[in-house]
Amino acid sequence: MSCDVFVDRLKDAIGQDQVITDPDIMNSYRTDRTSTVEGSMPRVVTTPTTATQVESLVKLANEFKVPVIPQGALSGLAGGADPISGSIVINVAKMNRILDIDPVNLLATVEPGVINKSLKDTVAKEGFFYPPDPGSYTFCSIGGNIATNAGGLCCVKYGVTADYVSQLEIISPTGGLMVLGRKTKKSSAGYRLAQLFVGSEGTLGIVTKATMRLRHAPAPVAGTVVASFSTLDAMGLSLKEIASKLSPSLLEVMDKVTVMAINSWKNLGIDEEAEAVIVAQSDVKGAEGSEELRLIESICAAAGSTEIYRTEDPEEADALLEARRLALTALERLGPAILDDVGVPVSRIGDMISEIARISEMHEIKVGTFGHGGDGNLHPTLILPSRSPDVLKLADRCFADIVSAALSMGGTISGEHGVGLIKREYMKDQYGPLEVDWMRRIKEALDPNGLFNPNKVLFDEQYS
Ligand SMILES: Cc1cc2nc3c(=O)[nH]c(=O)nc-3n(C[C@H](O)[C@H](O)[C@H](O)COP(=O)(O)OP(=O)(O)OC[C@H]3O[C@@H](n4cnc5c(N)ncnc54)[C@H](O)[C@@H]3O)c2cc1C
């Protein structure tokens, strides 16, 4: 018989089927996709299906002073959704209905557990486009995308999740249901609280409903250009030229290590002699799309590309993109992998990939780098010979050097995955003490009991 009054009250509030205390089942809620950290066993996992249930759970957590861990699809790569010991997990994956598509105001209202691809596919049937497309779009949720400000391949032209948030219904850390933001195209009334919530990684409450902006569907992709470069300088130069003159709908970059990993798995025949390869697409309509691709080709040729390949075949383009999306998995096949996520100004991408190669050589750790060449967000991935304590220590130093190289180029410690558990120590390097203090004060003001996702994003003395 249960002797946990808190758990009994949760069962009374939302029904016992949605309250899990079996350790074997709770174990599957213990960690996201981050390879370097794992969560602790929570006290209880809950899987609510309505905002009212989430509200009741948060109120009870406040009454019993139990830390709350919001979870979506657990695809995160920063440990943000990992539980701490004794916490209540509120996993909203079952809240997965698309509630409304508003064709006039170009909005879609969804529950937080809706999978990104499901929203994309549903609105596409009505002629609309929901752009944010993380590599995980087939299995990550809109709530998680909002909480991490997820990016993806089409950010170069269409922006990140923050650019598509119109209105959020949230349960605040003290248990109040609130509506942040406005469904109008414009609003200058007061602080932009919905935007404050974006990227807050579950530390400021739980999204229970989200109204996301849509666009009219763009023209089909006109074609895909793949260009190889024998030097990183030449690759960096072409990215700068493309960024200053054109608006491709996709502009990705992969280094030699990544290309070799993809080829050896998928046998796509991408040029392995090259130091780096870029993949670009245009979705401009008609002849102008072809012209944009031709200009990309001529910029790459002028910058010294050693091989340029262009295809208009959508199936071939899909295969290339799929390969790019699978870059992480391809690298993971080579050995234990640690994925980093840093951002630099587009003008510094060539320098950053060169610096990563230098750091990799210095620490004698193989690093494969791929990422979003159009927006400067790179994913250097460390491939370790083993997980021995010495190797892990070395990997930590390599990881830290990559982060500080990005900062030294005016970049950011995270372009899209968030801070979670793995980047907290670098927050003070990116921000000054005043900015960190503002963040702490905002958190304390909105979450006076300090219950929401404690010890994530910023260190929390109580849990350190
Ligand atoms: C192979 C692979 C490729 C990836 N590619 C990309 C990429 O290209 N771009 C990118 O940005 N990310 C990428 N990711 C990372 C991940 O998919 C994103 O961070 C995603 O946004 C997380 O969504 P989720 O639903 O899985 O959230 P979770 O992992 O469950 O949670 C992530 C964070 O959001 C919080 N959270 C979740 N739901 C809510 C909610 N309803 N309310 C409040 N807080 C909430 C959690 O507390 C946690 O801090 C990739 C991951 C994998 C495994």
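Me: In what order do the strands of the open sheet of five strands stand?
Reply: This is a predicted model; local features need pLDDT of at least 70, side-chain atom pairs pLDDT 80 or more, and totals for chains, interfaces and linings use all residues. Numbering starts from 1 along each chain as its sequence is written, and side-chain values use heavy atoms, leaving out hydrogens and water. Strands are DSSP runs of E with at least two residues, and they pair if DSSP finds at least two bridges between them. The pairing in this open sheet is antiparallel, and the order is β5-β6-β10-β8-β9.

Me: Which strands stand at the edges of this sheet?
Reply: Look for strands with a single partner. Each of the two has one side without a neighbour in the sheet, because its other side takes that single partner. They are β5 (98-102) and β9 (177-181).

Me: By how many degrees are neighbouring strands of this sheet turned against each other on average?
Reply: Axes are lines fitted to C-alpha atoms. Direction is ignored in this average. The turn between neighbouring strands is 15 degrees.

Me: Which residue in β10 does L168 stand opposite?
Reply: Strand β8 covers residues 165-171 and runs antiparallel to β10, with six bridges joining them. In β10, the residue opposite L168 is A210.

Me: Which residue in the turn of the β5 and β6 hairpin has a positive phi?
Reply: β5 runs antiparallel to β6 (residues 107-110), joined by four bridges. D102 faces L107 across this pair. Four residues lie between the strands, and the one with a positive phi, about 55 degrees, is L106.

Me: Which strands stand at the edges of the open sheet of four strands?
Reply: The order is β1-β2-β4-β3, with mixed pairing. Each edge strand has a single partner, so one of its sides has no neighbour in the sheet. The edges are β1 (19-20) and β3.

Me: Which residue in β4 does T46 stand opposite?
Reply: β2 (residues 44-46) and β4 (residues 88-91) run parallel, joined by three bridges. Opposite T46 stands I90.

Me: How far apart are the C-alpha centres of domain 3 and domain 4?
Reply: Domain bounds come from an automatic or database assignment. The division gives domain 1 (5-91), domain 2 (98-216), domain 3 (223-408) and domain 4 (424-463). The centres of domain 3 and domain 4 are apart by 33 Å.

Me: Between which domains does the ligand lie?
Reply: The shell around the ligand takes in residues with a heavy atom within 4 Å. P70, G72, S75, S136 and S141 come nearest among its 34 residues. Two domains both give residues to the shell, so the ligand lies between domain 1 (5-91) and domain 2 (98-216).

Me: What share of the ligand's accessible area does the protein cover?
Reply: Backbone N or O atoms of A73 and E201 lie 2.9 Å and 3.1 Å from ligand oxygen atoms, as polar contacts (N or O pairs within 3.5 Å). On its own the ligand has 980 Å² of accessible area (Shrake-Rupley, 1.4 Å probe). The protein covers 95%.

Me: Which element gives the largest share of the shell around the ligand?
Reply: The elements giving two or more residues are β3 (68-71), α5 (142-148) and β10 (206-213); a helix here is a DSSP run of H or I with at least four residues. By class, the shell has 14 nonpolar, 17 polar and three charged residues. The largest share, five residues, comes from α5.

Methods:
A polar contact is a pair of N or O atoms within 3.5 Å; within protein, one must be able to donate a hydrogen and the other to accept it, and residues adjacent in sequence count only if both atoms are side-chain atoms. Ala, Val, Leu, Ile, Met, Phe, Trp, Tyr, Cys and Pro count as nonpolar, Asp, Glu, Lys and Arg as charged, and the others, Gly among them, as polar. Axes are lines fitted to C-alpha atoms, for helices over the stretch in contact, and angles run from 0 to 180 degrees between N-to-C directions.
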